[in-house]
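Subject: A structure for you to look at

Hi there,

Here is the structure I promised to pass on to you. Have a look at it first, and then read my notes below.

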Amino acid sequence: SEVLRLEGVSKTYGKDGPAPVEVLHGLDLSVARGEVVALVAPSGAGKSTLLHIAGLLDTPDSGRVLLNGRDLTGLGDRARTEARRQELGFIYQFHHLLPEFSAAENIILPQLANATSQRAAAERTTDLLDRVGLAHRADHRPAQLSGGEQQRVAFCRALANTPALLLADEPTGNLDPETSDRVFEVLMTLVRETGLSALIATHNHALAERMDRVIGLTGTGS
Ligand code: ADP
Ligand code: ADP
């Protein structure tokens, strides 16, 4: 079955202005359950636009967005926020961890927002930190961690609410190449072990080749 399906999705920025930018035109894309799909495209081709639409942060001009078979196209803000919180996990190029909270707290907070009990959230957090090799960093704040460690904490946070789909925009893009490879390996292991579906944008063709399928995005050139 399909976790994500985009049908005929089009998006143009500045439609009513003097210089419209058509980014997506009739895009069809699907991610099957348990599938890890790489999205490879040059800068400016529309990766972020696509991930924002798939992540229910932006709406297409036309076309449909289905999550687990449910058409979310016409939903209001509240229902989209709810679906985002329950079904989606996000990883960004920069970790966006809350600086005043510890690694563990950063992973616990989204679970409490989803009404998970304190105890269950703490147990899941310990398990996730253990899986990425950071059990000993639970009480450290982001500033006390290396770039690679911060990004591994961000992976745990994205998986904290057991999302149906993980969306990642250049998840290791801000790390040096060696750290990037190592941290990416951790991410792939985490995704595989949890049976997660994922759509992962990357510039890195070598990393993309390790996923189940590669989708290119050409930009519409207008
Ligand atoms: P990528 O993530 O692949 O670099 P983006 O989705 O960020 O691509 O952007 C695709 C194109 O759309 C770029 O040409 C960018 O300048 C343009 N763009 C993105 N967001 C906006 C916006 N809010 N308004 C106008 N143009 C935008
Ligand atoms: P191919 O495997 O034929 O080289 P790509 O991997 O380049 O195709 O593209 C994957 C799919 O996404 C194709 O169906 C392509 O037509 C579509 N696509 C690529 N860029 C865009 C875009 N900007 N708008 C809509 N569809 C696109």
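How far is an oxygen atom of ligand 1 from a polar backbone atom of Gly 46? The distance is 2.9 Å. Please keep in mind as you read that this is a predicted model.

**Ligand 1**

Let's stay with this ligand for a moment. Around ligand 1 you will find Tyr 13, Val 23 and Pro 42, together with Ser 43, Gly 44, Ala 45, Gly 46, Lys 47, Ser 48 and Thr 49. Besides Gly 46, the backbone of Lys 47 has a polar atom 2.8 Å from an oxygen atom of the ligand. Ala 45 also takes part: one of its backbone N or O atoms lies 3.3 Å from an oxygen atom of ligand 1.

**Ligand 2**

Now turn to the second ligand. The residues surrounding ligand 2 are Val 23, Leu 24, His 25 and Leu 27, plus Ile 215, Gly 216, Leu 217, Thr 218, Gly 219 and Thr 220. Val 23 is worth finding on your screen, as it is listed around ligand 1 and also around ligand 2.

Which atoms of ligand 2 have polar partners here? A nitrogen atom of the ligand is 3.0 Å from a backbone N or O atom of His 25. In Thr 218, the partner is a side-chain N or O atom, 3.0 Å from a nitrogen atom of ligand 2. Gly 216 offers a polar backbone atom, which is 2.9 Å from an oxygen atom of the ligand.

**Helices α5 and α6**

Next, some helix packing. Helix α5 covers residues 147–159 and helix α6 covers residues 177–194; their axes come within 10 Å and cross at roughly 20°. Because angles under 35 degrees count as roughly parallel, α5 is roughly parallel to α6. The crossing is right-handed. On the α5 side, the residues in contact are Gly 148, Gln 151, Arg 152, Phe 155 and Leu 159, and they meet Thr 179, Val 183, Val 186, Leu 187, Leu 190 and Thr 194 of α6. Sorted by class, this contact holds 6 nonpolar, 4 polar and 1 charged residues.

**Helices α4 and α5**

Helix α4 (residues 118–131) also comes within 10 Å of α5, axis to axis, with a crossing angle of roughly 140°. The two are therefore oblique to each other, and their crossing is right-handed. Here Arg 124, Leu 128 and Leu 129 of α4 meet Val 153, Cys 156 and Leu 159 of α5. This contact has 5 nonpolar residues, 1 charged and no polar ones. Look out for Leu 159, which appears in the contact with α6 and in the one with α4.

Enjoy exploring!

Definitions and conventions. Residues numbered from 1 in each chain as written. Chains lettered and ligands numbered in written order. Predicted model: local features only at pLDDT ≥ 70, side-chain atom pairs only at ≥ 80, totals over all residues. Heavy atoms only, no water. Axes fitted to C-alpha atoms, helices over the stretch in contact; angles between N-to-C directions. Helix = DSSP H or I, 4+ residues; strand = E, 2+ residues; numbered from the N terminus. Parallel < 35°, antiparallel > 145°, perpendicular 65-115°, else oblique. Left-handed = near helix turned anticlockwise from the far one by under 90°. Contact = heavy atoms within 4.5 Å. Nonpolar A, V, L, I, M, F, W, Y, C, P; charged D, E, K, R; others polar. Near = heavy atom within 4 Å. Polar contact = N/O pair within 3.5 Å; in protein donor to acceptor, adjacent residues only side chain to side chain.
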